[in-house]
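Thanks for sharing this one. Here are a few friendly notes to read alongside the model.

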Amino acid sequence: MVSDQEVYRGLLDLDWRRRPGQSYRILFTYLILIVSAAVFLLPLLWMVTTSLKTQAEVYVFPPTFWPETLRWQNFPEGWTYESMQWTRWLVNTLTITFAVMAGTLVSATLCGYGFARISFPGRDVWFVMVLASIMLPSTVTLIPLFVGFHRVGWLDTFLPLTVPAFFGGGAFNIFLMRQFFKGIPIELEEAALIDGANRLRILWQIFVPLSRPVIATISVFTFQAVWNDYFGPLIFLTSQENYTLALGITFFKGLYSTQIPYMMAMSFLMVIPMIFVFFFAQKLMIRGVILSGIKT
Amino acid sequence: MNSRMRDTVQGYLFISPVVLGLLIFTIGPMLTSFYMSFTKFPLLRAPEWIGLRNYIVMFTSDRNFWQACKVTLIYAATSVPLGLVGAFILAILLNQRVKGIAFFRTSFYMPAIVPAIASLILWGWLMNRDYGLINAVLVRLGFQKFSFFAEPETALASMVMMSLWGVGAGMIIYLAGLQGIPESLYEAGKLDGANEAQLFWNITIPMMTPTIFFNLVMGLIAASQTFMNAFVLTSGGPLKSTYFYNLMLYERAFNWTQMGMASAMAWFLLFVVLILTLLVFRSSALWVFYEAEVR
């Protein structure tokens, strides 16, 4: 990653004598960039510093910026605080996340291939319906789904959160897959078809290996969405031992709203995987946005 | 079996997950919820047909309903345009040719990856009246302490402010759009003697309208469904000043088990979102520029 060093070098490069107008402009751009970066990063930094303060230090005004002593114990103490079951909630969150990722990848690959490479009557109608469903407010289906899951006894299990992923895996992901598959040269496929390979095998042996970037992109988006999801678990999970991390944090807030350092520590723990995923997949995510071809 | 027949069968087999998914998890529930909206349905007993009564009660005798509409509308009408402009300005800044852009891009985008629940907890604390960082800064600058979520006059505005922290997501989309504008357009403009402002208004803005349009539609749909802010931070208060539409719907369905009424609310929301989206799409002919039309 490029760091402040490069910013510094950029400032040194300015040639004040020859192009004063241009130099002022760049300086001004940096000024705005630096101030806005501070505004965006400061809250996150505040979360980290608060998570390392003592309970007493949090309740002073004006607040101190750096903690007097770095209280790392907040993390293990918050993790095992009273009736909190963070380990269990982490396992639940991971279980749901990976189940949804598996379902999403399998079904988005199949559907994306069907929409991109096979022509059959009714295909475009279904594809338009898939796209339209992106814009549907989820509350319209929420209540019958709740009633339905209630009837089949799925409430307070992970099934309402995971099973739908195996049926389509999200309209946007199908769309991404289709766009990508459409770009793969047809000759590859025709040769294999003439050789008598069936389509599932073609998909698995030709398309999937070529599609690593889009598969990675969808994995990242899905991981992020499920890890962060709050509404789904709130509606469908009720008993404490089935909570996810997101529900756990609100539960903690409801019981011990004054335990600010613990709360910040737990919130920050929930952010860490996202930061890793982001640095790991920054390029992929931006490419995913471009791939979706929003411009046209 | 001829090849056309085979393609049809195979095609439907491949897309069968999403076909089934749409039928089971989208279209079926949609129709059911439409039916439910005409019933009294307390979950444990069978739905009882009551005609339009849910809608009549909703529109005429439930004062909270119009309050919820008002709150959601004000929030959408302020946070969406502010977010669009903020994200656009950041993207323009990032599109300058200065060094260290990757660092700034990461900084602006970072808040957008923070789980919503974590950022709500954080902002609740930052905006705390007595011990919050923002009030510390305000006091330092010589202002009075601000109540943020604690007063009906300021609670909703505070939520709009908070939402701006997450503009990084929209910004990335703009950035992709900006980088897709062919350099040749600017060169041609410069040859014709256009200055920077003219290049911006006559090339950048028109070329970006499809992206702005996309962000506008998605932003409106998301804003109309705001829920967590109110549920986690204010429970709709103080004095219903942050009583969002979806919070009311949630209360009707899951606190009071009025499934019929909640379904009616969901359908009214769908109707409004549909009308809004249609209006935006209609208006797009006036202001959205598609290259293909010119070629």
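The points below cover chain A as a whole, one helix pair and one enclosed helix.

1. A word on conventions: this is a predicted model, in which local features need pLDDT of at least 70 and side-chain atom pairs count only at pLDDT 80 or more, while totals for chains, interfaces and linings use all residues. Residues are numbered from 1 along each chain as its sequence is written, chains are lettered from A in the order in which they are written, and side-chain values use heavy atoms, without hydrogens and water.

2. Chain A has 15 helices and zero strands (DSSP runs, H or I of at least four residues for helices and E of at least two for strands, numbered from the N terminus). Of its 296 residues, 49% count as buried (under 20% relative accessible area, 1.4 Å probe, protein chains only).

3. H7 of chain A (residues 139-151) and H13 of chain B (residues 259-287) have axes that come within 8 Å and cross at roughly 155° (lines fitted to C-alpha atoms over the stretch in contact, with angles from 0 to 180 degrees between N-to-C directions). The two helices are therefore roughly antiparallel, a label for angles over 145 degrees.

4. Where do H7(A) and H13(B) meet? A:Thr139, A:Val140, A:Ile143 and A:Phe146 contact H13(B) residues including B:Trp267 and B:Leu270 (heavy atoms within 4.5 Å).

5. H12 of chain B (residues 245-255) is largely enclosed by the rest of the structure, because ten of its eleven residues are buried. Among the elements covering those buried residues are H7 of chain A and H13 of chain B. Just after H12(B), B:Thr257 takes a positive phi of about 40°.

Definitions and conventions: Parallel < 35°, antiparallel > 145°, perpendicular 65-115°, else oblique. Buried < 20%, exposed > 50% of the residue type's maximum accessible area, 1.4 Å probe, protein only.
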